[in-house]
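Biologist: I'm new to this one. Can you walk me through the structure?
Modeller: Sure, here it is.

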Amino acid sequence: MRRAWRQVWLHLGVWAFVLFSVYPVLQVLTTSLRPGDQLYSTELNLIPDNWTFDAYRIMLTEKPFLLWMRNSIIVALGTALIGVVLASIGGFALSRYRFRGHGAALQGILMTQMFPATMLLLPLYLLMRKLYLVDTLGGVMIAYVATALPFCVWTMKGYYDTIPVALNEAALIDGCSPLQAFVRVTLPLSAPALVITGLFSFMTGWSEFMVARVMLNSKELMTLPLGLESLFTTYQTEWANYAAGSLLVSLPVVVLFLLLNRYLVSGLTLGSVKG
Amino acid sequence: MSTRRETRLAFWFLLPSAVVLLAVVGYPFLYNIWISLTNWNMFHFRDPSWNNFAQYGYLWREMTDFSGASDFWRIFLKTFAWTGINLVFHFVLGLSAAMLLNQKLPGRTLYRALLILPWAVPQYISALTWRGMFNAEYGAVNLILAKVGLEPISWFSGEFTAFGAAIITNIWLGFPFIMVIALGGLQSIPEELYEAARIDGAGPVRRFFRITLPMLKPVLMPALVLGTIWTFNNLNVIWLVTDQGLPADKSHILVTYVYKAAFFYYRYGYAAAFSVFIFLVLWMIVRMYNRVARTEAY
């Protein structure tokens with residue numbers, strides 16, 4: 001009997017959390033299904049009267065949504081790929097070796113997060129212009145790698161810290177070079193942390209807005225966040241289209257999260273701040 | 001100490017990250033310090049010149065002006081309130097959710113997936129969605145309040161309620177991150193510890209404070225440090241939810257205030273000096289955390 005009550009309370013608790021988490025997303029769904037004449041409605045129905053997929057049709061056929069999507073996929077995948085490579089080796093160096101400046105490097109990584117990021121935009125723009133990287137997808141990709149990197153290096157370092165050094169040393173004794181030992185022994189054991197790092201970098205590239213707005217001017221290079229913003233014009237906001245677009249944008253990330261769900265929990269071990 | 005050959009590997013492994021971070025963060029940071037020492041603003045847009053720490057002097061006068069003309073302390077304290085309230089809720093909700101999901105519960109993989117949703121949706125989309133939900137006439141929040149017989153609230157006309165709306169949004173956004181970190185930590189606590197405590201007669205509250213929390217501390221401390229920095233410097237949520245500081249620039253925290261000063265009033269020099277100040281405040285907070293963490297080592 002006590003056990004049964006316990007289950008009831010547990011479920012009530014979980015459902016309260018589920019409601020809180022899911023409700024705003026359902027709101028977006030509702031808005032996206034509204035026909036054009038009912039955007040301002042005081043109904044709370046999840047499926048509006050006379051619901052329609054018009055907004056999705058408009059987004060996919062009349063707006064350059066697929067072009068935005070293509071640009072965002074290039075940027076986000078590029079960011080994830082570079083981010084994973086740099087963070088996996090950088091984190092390894094910080095986890096396994098003690099060298100002069102080790103503590104300073106760890107502190108420095110944390111410090112990159114402390115300065116208001118938007119104030120870095122202007123000098124960054126001037127620098128990128130000198131390097132001919134303004135208005136290129138490569139330019140924003142570099143900025144995104146730098147945005148995601150501190151967290152990723154930290155995550156990788158934290159995870160490597162939990163893997164016994166002995167495994168690496170055994171490989172060295174067996175005649176592996178330090179590089180081989182890293183690639184063949186440590187890296188395969190770090191899959192969960194690599195997944196987190198990749199996912200985090202991907203999300204940075206997928207949803208960043210400020211840097212993209214400053215760096216990208218060409219219509220052909222617009223990423224998804226810029227594209228969605230273009231629906232807010234001075235005269236009217238295309239709310240239904242925006243909502244439909246938002247769901248289409250969120251869907252790939254949500255699917256990624258679901259697919260990688262079981263790695264998330266085991267991979268997220270931030271190392272301590274102090275070396 | 002590592003051998004020379006190994007240290008060389010460490011150098012090459014760190015180099016690419018260092019180059020990227022120095023270029024994208026380090027160089028603009030130093031450039032900002034230079035800007036903060038100039039009079040760069042709307043009137044000296046093309047010809048900024050050195051002006052001897054005048055921007056810092058200006059900042060100092062704002063800090064020491066208690067006549068009510070300066071907004072400095074209101075914004076400063078609001079930033080701490082913003083950070084503190086958000087973190088408390090992130091940790092309480094995140095930990096509670098993690099402990100619920102750590103129980104034997106049918107369908108918990110599904111529940112876990114649903115609870116991660118706020119983290120998976122891009123932040124600007126969530127922020128704008130919540131702004132819509134707080135709309136006085138058509139927003140879901142007020143419609144629900146009306147349904148249960150409460151007075152609707154005009155969220156963005158009052159300083160207090162606008163701030164509350166932004167906080168609710170950010171709590172929603174941030175708790176899954178702590179939940180995931182805590183879940184990982186919970187799963188690594190051996191069940192025998194709880195068994196032993198139960199045999200010794202420790203109740204659930206005692207078990208939580210004597211076993212769960214101390215065992216989670218190593219994973220939660222870094223999350224606390226990072227969470228503090230991220231929340232303190234969170235521009236997006238306040239900016240988007242309150243539509244650039246509604247009502248009438250009253251809902252700013254330090255970073256949104258700086259952003260507005262730089263990109264709407266073109267006071268670059270002043271904004272740069274202010275950013276250096278924000279950086280120093282955060283740096284001191286993190287040092288304080290480190291000191292506490294070290295003295296509490298066990």
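Modeller: One term before we start. A residue is called buried if 20 or more other C-beta atoms lie within 10 Å of its own. And keep in mind that this is a predicted model.

Biologist: Good. Which residues of helix 5 of chain B are buried?
Modeller: They are Gln123(B), Tyr124(B), Ile125(B), Ser126(B), Ala127(B), Leu128(B), Thr129(B), Trp130(B), Arg131(B) and Met133(B).

Biologist: How many of the residues of that helix is that?
Modeller: 10 of the 11 residues of helix 5 of chain B, which covers residues 123-133, are buried. So the rest of the structure largely encloses this helix.

Biologist: And helix 11 of chain B, how many of its residues are buried?
Modeller: Eight of 10, over residues 254-263. Helix 11 of chain B is therefore largely enclosed by the rest of the structure.

Biologist: Which ones?
Modeller: The buried residues of helix 11 of chain B start with a run: Leu254(B), Val255(B), Thr256(B), Tyr257(B), Val258(B) and Tyr259(B). Ala261(B) and Ala262(B) complete the list.

Biologist: Let's step back. What is the secondary structure of chain B?
Modeller: Helices. Chain B has 12 helices and zero strands.

Biologist: And chain A? What does its secondary structure come to?
Modeller: Chain A has 13 helices and, again, zero strands.

Biologist: What are the dimensions of chain A?
Modeller: The C-alpha trace of chain A spans about 70 × 70 × 30 Å along its principal axes. For chain B, the C-alpha atoms fill a box of roughly 75 × 70 × 35 Å.

Biologist: What percentage of chain A is buried?
Modeller: 46% of its 275 residues count as buried. In chain B, buried residues make up 41% of 298.

Biologist: What about contacts along the sequence in chain A?
Modeller: Take the contacts in chain A with a separation of 6 or more. Residues 24 or more positions apart account for 77% of them. In chain B, 66% of the contacts between residues at least 6 apart join residues at least 24 apart.

Biologist: Now the interface. How many residues does each chain give to the contact?
Modeller: Chain A gives 68 residues and chain B gives 74.

Biologist: Which helix of chain A has the largest share?
Modeller: Helix 1 of chain A, residues 2-33. It brings 12 residues to the side that touches chain B.

Biologist: What kinds of residues are on that side of chain A?
Modeller: The side of chain A that touches chain B has 49 nonpolar, 17 polar and two charged residues.

Biologist: Show me a helix pair across the chains.
Modeller: Take helix 12 of chain A, residues 239-259, and helix 4 of chain B, residues 108-120. Their axes are 10 Å apart and the packing angle is about 135°.

Biologist: What do you call that arrangement?
Modeller: At that angle, helix 12 of chain A and helix 4 of chain B are oblique to each other. Their crossing is right-handed.

Biologist: Which residues make the contact?
Modeller: From helix 12 of chain A: Ser250(A), Val253(A), Val254(A), Phe257(A) and Leu258(A). From helix 4 of chain B: Ala113(B), Ile116(B), Leu117(B) and Ala120(B). By class, the contact of these two helices has eight nonpolar residues, one polar and no charged.

Biologist: Why would helix positions three or four apart be worth noticing?
Modeller: An α-helix has 3.6 residues a turn, so residues three or four places apart point the same way.

Biologist: Now a pair within chain B. How do helix 3 and helix 9 of chain B cross?
Modeller: Helix 3 of chain B (residues 72-101) and helix 9 of chain B (residues 204-232) cross at roughly 135°, and their axes come within 9 Å. The crossing of helix 3 and helix 9 of chain B is right-handed.

Biologist: Which residues meet there?
Modeller: Helix 3 of chain B brings Thr79(B), Trp82(B), Thr83(B), Asn86(B), Leu87(B) and His90(B). Helix 9 of chain B brings Gly227(B), Thr228(B), Thr231(B) and Phe232(B). That contact of helix 3 with helix 9 of chain B has three nonpolar, seven polar and no charged residues.

Biologist: Last topic, domains. Where are they in chain B?
Modeller: Domain 1 of chain B covers 34-60 + 252-298, and domain 2 covers 84-251. Their C-alpha centres lie 29 Å apart. The contact takes 11 residues from domain 1 of chain B and 12 from domain 2 of chain B.

Biologist: Which element gives the most on the domain 1 side?
Modeller: Helix 12 of chain B, with five residues on the side of domain 1 that touches domain 2.

How values were computed
Residues are numbered from 1 along each chain as its sequence is written. Chains are lettered from A and ligands numbered from 1 in the order in which they are written. This is a predicted model: local features need pLDDT of at least 70, side-chain atom pairs count only at pLDDT 80 or more; totals for chains, interfaces and linings use all residues. A residue is buried if 20 or more other C-beta atoms lie within 10 Å of its own, exposed if 12 or fewer, and partly exposed in between; C-beta atoms are placed from the backbone. Helices (H or I, at least four residues) and strands (E, at least two) are DSSP runs, numbered from the N terminus. Two residues are in contact if their C-beta atoms, placed from the backbone, lie within 7 Å. Axes are lines fitted to C-alpha atoms, for helices over the stretch in contact, and angles run from 0 to 180 degrees between N-to-C directions. A crossing is left-handed if the near helix is turned anticlockwise from the far one by less than a right angle, and right-handed if clockwise. Ala, Val, Leu, Ile, Met, Phe, Trp, Tyr, Cys and Pro count as nonpolar, Asp, Glu, Lys and Arg as charged, and the others, Gly among them, as polar. Domain bounds come from an automatic or database domain assignment. Angles under 35 degrees count as roughly parallel, over 145 as roughly antiparallel, 65 to 115 as roughly perpendicular and the rest as oblique.
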